[in-house]
Amino acid sequence: MNSLLPIVQLGNPILHKISEEIQDVYSVKGLVPNMIATCEHVGGIGLSAPQIGQLVRLFILSSKPTPAYPDAPYIDSFAIINPRIVWRSDEEVTGWEGCLSIPGIRGLVTRNKSIVAHYIDLNGVEKEEKYEGLLARVFQHEYDHLDGRLFIDRTTTRNLATKLEYERIIAEKP
Ligand code: NI
């Protein structure tokens with residue numbers, strides 16, 4: 001049975017720390033299913049290890065349509081270990097983001113439209129993948145967490161909104 005993990009919230013200094021490379025994939029074999037269960041339980045599309053208090057270079061991508069992300073593609077949740085972004089498109093896109101560690105707040109963030117990343121999967125296999133669209137955005141958001149950077153560090157207060165105002169903005173300009 002998987003356990004739901006408490007999510008570290010903004011204000012906790014752990015969210016600003018740099019995470020360490022994982023030397024042995026087996027050291028996180030037990031953690032990953034609990035991170036996936038936690039991410040899915042709260043309807044998140046990504047969850048990084050620092051957000052559950054572990055300063056290791058690991059995150060979950062969990063893309064599926066949710067009320068907050070109705071256009072998200074359906075992809076089984078999977079673990080990204082020791083990621084490196086090795087290429088970023090010159091083209092950038094600005095879109096809305098939220099964070100499980102910053103409940104109730106959303107913000108417009110400019111990111112590279114597509115990226116190529118290297119990482120290790122949960123079986124210890126090295127992967128190279130190109131990501132576009134929402135997955136590229138989520139990847140960059142979660143990757144930032146491993147370097148202690150939050151989406152609110154990449155925007156300005158004028159581009160932040162509470163849930164109430166975000167819904168009003170979206171209704172006016174879908
Ligand atoms: Ni986040």
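The following exercises, each with a worked solution, concern a predicted model.

**Exercise 1. The nickel site**

Identify the protein donors of the nickel ion, give their spacing along the chain, and state where Cys-99 and His-145 are placed.

*Solution.*

Step 1. Three protein atoms serve as donors of the nickel ion: SG of Cys-99, NE2 of His-141 and NE2 of His-145. They lie 2.1 to 2.3 Å from the ion.

Step 2. Along the chain, the donors of the nickel ion follow the spacing C-x41-H-x3-H.

Step 3. Cys-99 belongs to the loop between strand E4 (92-97) and strand E5 (105-112), whereas His-145 belongs to helix H2 (residues 133-146). The two are 46 residues apart, and the pair links distant parts of the chain.

Step 4. To decide whether these two residues are buried, apply the cut-off of under 20% relative accessible area. Cys-99, at 10% relative accessibility, counts as buried. His-145 is likewise buried, with a relative accessible area of 1%.

**Exercise 2. The surroundings of Ser-77**

Locate Ser-77, determine whether Ser-77 is buried or exposed, and describe the polar contacts of its side chain.

*Solution.*

Step 1. Ser-77 is found in the loop between strand E2 (58-61) and strand E3 (78-88).

Step 2. The relative accessible area of Ser-77 is 16%, so the residue is buried.

Step 3. The side chain of Ser-77 has a polar contact of 2.6 Å with the side chain of Glu-40. A polar contact of 2.7 Å joins the side chain of Ser-77 to that of Ser-62.

Step 4. When residues up to four places away in sequence are not counted, Ser-77 touches Ile-36, Glu-40, Ile-60, Leu-61, Ser-62 and Lys-64.

Step 5. Lys-64, one of the residues touched by Ser-77, also lies over the face of Tyr-74, at 5.2 Å from the ring centre.

**Exercise 3. The aromatic rings**

State how many aromatic pairs the structure holds, and analyse the pairs that involve Phe-139 with Phe-59 and with Tyr-143.

*Solution.*

Step 1. The structure holds four aromatic pairs.

Step 2. One of these is formed by Phe-59 and Phe-139, whose ring centres are 5.0 Å apart and whose planes are at 85°. An angle over 60 degrees counts as edge-to-face, and the pair is therefore assigned to that class.

Step 3. Because Phe-59 lies in strand E2 and Phe-139 in helix H2, the pair ties together parts that are 80 residues apart in sequence. Phe-59 is buried at 0% relative accessibility, and Phe-139 is buried with a relative accessible area of 0%.

Step 4. Phe-139 and Tyr-143 form an aromatic pair with a centre-to-centre distance of 6.4 Å and an angle of 25° between the planes. Planes under 30 degrees apart count as stacked, so this pair is stacked.

Step 5. Phe-139 and Tyr-143 are four residues apart in helix H2, which means that about one helical turn separates them. Both residues are buried.

Step 6. Phe-59, Tyr-131, Phe-139 and Tyr-143 form one aromatic cluster.

**Exercise 4. Two further local features**

Describe the position of the charged end of Arg-106 relative to Tyr-166, and characterise the backbone and placement of Asn-82.

*Solution.*

Step 1. The charged end of Arg-106 sits over the ring of Tyr-166, at 4.4 Å from the ring centre.

Step 2. Asn-82 is not a glycine, yet Asn-82 has a positive phi of about 50°.

Step 3. Asn-82 is placed in strand E3 and counts as buried at 10% relative accessibility.

How values were computed:
Residues numbered from 1 in each chain as written. Predicted model: local features only at pLDDT ≥ 70, side-chain atom pairs only at ≥ 80, totals over all residues. Heavy atoms only, no water. Donors = N, O, S within 2.8 Å, 3.2 Å for Na, K, Ca; no water. Buried < 20%, exposed > 50% of the residue type's maximum accessible area, 1.4 Å probe, protein only. Polar contact = N/O pair within 3.5 Å; in protein donor to acceptor, adjacent residues only side chain to side chain. Contact = heavy atoms within 4.5 Å. Phe/Tyr/Trp six-rings, centres within 6.5 Å; stacked < 30°, edge-to-face > 60°. Lys NZ or Arg CZ within 6 Å of the ring centre and 35° of its normal.
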